[in-house]
Structures are given as C-alpha cells and as structure tokens.
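The following exercises concern the interior of a protein structure. Please work through each task before reading its solution.

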Amino acid sequence: MKLEIKNVSYRYTSKGRQILKDFSLSMENTERVGLTAPSGYGKTTLCQLLSGYLKPNQGEILLDGRPLDSYQGYCPVQMVWQQPEFAVNPRLPLGEAIKEGDEIEERVIRGLGIEPDWFGRFPTELSGGELQRFSLARALGKRTRFLIADEISTMLDLITQSQIWHFLVEEVEKRQIGLIAVSHNPELIDRVCTRKIDLRLLDEKNR
Amino acid sequence: MRKLNRRQRVLLGLGFSAAFLIVVCIWGSLGTEAARATDFSRKNIPPCLQYPFGTDWLGRDMLVRTVKGLSISILIGITAAAVSAVIALLLGIASATMGKAVDSVISFVIDLIMGVPHILLLILISVAMGKGLKGVIVGVAVTHWPSLARLIRAEVLQLKEMPYIKIAGKLGKSRWYIAVKHMLPHLLPQFIVGLVLLFPHAILHESSITFLGFGLSTEQPAIGIVLSEAMKYLVTGKWWLALFPGLFLVVTVVLFYVMGQSLRKLLDPGSVHQ
C-alpha cells in the first residue's frame, strides 16, 4: 500500500503564509519516514494534511491510488497529536478513549505500558506521558495502515521514550504499518527511521 | 460539630431549596379553596399566632394566599423555563452545526429579541394570546431562550474544533455518536444550570406583568394579583398584606438561584477556579 502526496500547496488563510508549496512525497507501508525541520516549517500541517484533518488548497493526497477523503468511516491513516491533553475528552474515563479505537489488542495496551487501573480514571488524573500512551494505543487499531506520530515523545523521560519507540518500531514492522515520525531529535530519527526528510532542504529547492 | 466541606455545604443548600420549593408547590395545589374562602368575622387581623401572615379586607388567610400564589408562580416558571430551555438547546445546536446561513438567521433573531426589553414583548404576547395562564407561559418561553441559545451555540462551536472530536471523526464515529458521547456531557451542565437560572426570571416576569394587569385574571390568587390588590390597602396601614407575599417571592427567587449555583458547582467542579 502506498501513501502519496502530490504537488500539494497549503496556506491557512487565503492571504496567509504559504506553508507548503508544490510538495510531493510517496511512501510504502513498509517504510518508516522521519521528518525534521525547525519550528514553523509546516511539520504539523503536513501531518494533518496526510491524515485528512486538513484539505490541501492544491494537489492531491492518495492512499492506494484513491483520494484519501474518499475513504468513508475509519481512516486508515491515523495521526497521534502532539498535545495528548487535548486528544482525549476530559469528561470521559480513559477506558472510553480506548474503546473508540478499532479493536485495540491487549498486546498493544501492555506493550505501551498502560496499567489496568488507568482505564477508570479521568484524563486530569494522569500525566501527559501516560495520556500519550492512550492516544498511541487508540491509533493502533486493526484497520490502521499508516501511523503519523507528530512529536509524540517530547513530554516523556528518556527511559519511557526508548520503551515506547522500541515497542512502536516492533509493532509497525510486524503489522506492516507505515510510520511517519516527526521529531526535533536527529538521533531518534536516525535510530527509528529508514528514510529521512528535512523540510528545510525541500524548501530551499523550491526557491 | 464537624465542619462541612464545600461539597456537603452545596448539597445542603441544594436539598433545602428543593425541599422548600416542593413543599410550597404541594401545599399550594392542595389549598385552592382555602385561598379563596372569605370570612368577614376575621377581616383585617394583623399577623398573630393563628394567622402568621394576617388576613385581608375580605377575611382571607394571607399565609394560604401567599403559598397558593407562589405555587402558581413556580408552576408557570417551571413550564416556561423548560420550554424556553428546549428552544435554546435546539436552536443553539442548529446554529452551530447547520452552516453559515442558518447560523446568521438564528444569530439575528437572538440579537433582535435581546435588543427589545422583555417586559414589552411579554405584554404584547400575553395580550395577543388573550391574557391568562397560556399567554404568560408562551410569553415567558418565547422571550427567554436567546441568552441560553447563544451560550450553547458558542459551546458547540468551540467543541467542534477540539482535537478529540476530530479524532473521533477519523476513527469512523458517526455524527450521532460524537454528539451524544462527546458533546452532550459538556453541554449538559450548562444546559441544566441555564434551565434552573431561567426559573427566577420567569417567576419575576410573571408576577410583574400580572401586577401591571396584563397577566393572570383576578380570581387566580397569583402572587402578582395578591401584591397589586394589597397596594390599595397599603396606605391604610395594613403593611402585612404586601410585606409577606413580597418577601416570600424574593425568598423563592433567591432559593432557585441558590439551586442553580449549587447544581453548577456539583456538575462542573472546575468552575471553582473561575
């Protein structure tokens, strides 16, 4: 399966800054692509375009040759957001968040280090790192083909970071899920990813 | 005695207000005949042990009349506030979810109704509906929804942009699931508190238009009627005719307000920090 982004341009408002211009990228579901760039280069915008939260102004985004927005129901491209606090409903216990995912396996929950007694708790009763595991588990449903991880480990300590990335790499490899990882940390990208893209270099090429 | 914590104090206030209002309602609906009974052998008695609120110029027991009047007011208040709140919920959600055209029409109507003084609209509607109970209820219901509708609209607009709502959509959840599971728990506290806080408005408006003569008819001992009749006798020194009904009207309104605030504190604990 192939996730393609073809000649996409994007700006938030009609007179706003051109965030992406004529951007193209293609990846297989066996690849792990790392995205790096300083703040403001459109990493999160690109993630949201790829997972269908935003619609491009120009160009198209194709999954398996079909436009991404033609997929009804569960979206095979799932994104994990940078701020876990906003990614779960503060008024629902976290068990509900997991149930929203697509038949999340016990193995995934255990692999991410989620404790059984967290399920009955509300999001304000857990830390950001603990909430992020829930967002990750929820995105790893049965029908997920591509996972987009937008700076998912920024709020975690180093040991937890390594545990989570270790599990994630193993999981996406086993299930043949394509991974796009965004991070400011070049060593992390080198360790985790099979291909590296720097939005800065692309940007210079365009000019 | 052990000091009560905040939650216990709130529960106490809530229980007391609810109990008072229920007692008034039940007592009032039982005492319809007693509130009309005249007895000239006991007219114009100032407050005493047998008649704590005194009696009027026709020998009617003012305590019974006050309670009856309040119970009519409370029933009108509940009906009008409930209708009003449902209108607000439906229009608020429609405004936020059904697109720009619907939104601008509803927002315009909200501004329009909020721009005209309530009492003016109330008198017009009440007279057009032929005064009486129906006129007052429709009048209050039609004029009081805009502020709550605006609140709900703003809330839904904000919720729609929350990441967890968007994520639920990408996880293939239906609009209905998102509305019930994610939006309702956020709207419910606002809605219930708004509903309860509409009661005092409804009651005060009911008694004021009845007092002005555009509301209920004189044979129903509503609190507005009791007060406007008492005005004629106030100058002759019968202070108790207006004092007690007036005082209890204020107490009822305050208790509804306490109830609304207590509910807000219970349903939305985060409001403590505001």
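A nonpolar core is a set of buried Ala, Val, Leu, Ile, Met, Phe, Trp, Tyr and Cys residues joined through C-beta atoms within 7 Å. The model used here is predicted.

**Exercise 1.** Determine which residues have the most contacts inside the largest nonpolar core.

*Solution.* The largest nonpolar core comprises 58 residues. Those with the most contacts inside it are A:Leu50, A:Leu147, A:Ile148 and A:Ala149. Helix H5 of chain A, residues 128-139, contributes the most to this core, namely five residues. Beyond its neighbours within four places in sequence, A:Leu50 is in contact with A:Leu3, A:Ile5, A:Ile61, A:Val77, A:Ile148 and A:Ile180.

**Exercise 2.** Compare the expected span of H5(A) with the distance between its end C-alpha atoms.

*Solution.* The expected span is 1.5 Å times one less than the number of residues. For the twelve residues of H5(A), this gives 16 Å. The end C-alpha atoms are 17 Å apart, which agrees. As to burial, ten of the twelve residues of H5(A) are buried. The elements covering them include strand S6 (77-80) and strand S7 (146-150) of chain A.

**Exercise 3.** Describe how S7(A) is enclosed and paired.

*Solution.* Five of the five residues of S7(A) are buried, so the strand is largely enclosed by the rest of the structure. A:Phe146, A:Ile148 and A:Asp150 point one way, and A:Leu147 and A:Ala149 the other way. Four bridges join S6(A) to S7(A) in parallel, with A:Val80 opposite A:Ala149. Five bridges join S7(A) to strand S8 (residues 178-182) of chain A, also in parallel. Together with helix H6 (residues 158-175) of chain A, S7(A) and S8(A) make a right-handed β-α-β unit.

Note on methods:
Residues are numbered from 1 along each chain as its sequence is written. Chains are lettered from A and ligands numbered from 1 in the order in which they are written. This is a predicted model: local features need pLDDT of at least 70, side-chain atom pairs count only at pLDDT 80 or more; totals for chains, interfaces and linings use all residues. A residue is buried if 20 or more other C-beta atoms lie within 10 Å of its own, exposed if 12 or fewer, and partly exposed in between; C-beta atoms are placed from the backbone. Helices (H or I, at least four residues) and strands (E, at least two) are DSSP runs, numbered from the N terminus. Two residues are in contact if their C-beta atoms, placed from the backbone, lie within 7 Å. Two strands pair if DSSP finds at least two bridges between them. A crossover is right-handed if, with the strands pointing away from the viewer, the path from the first strand over the helix to the second runs clockwise.
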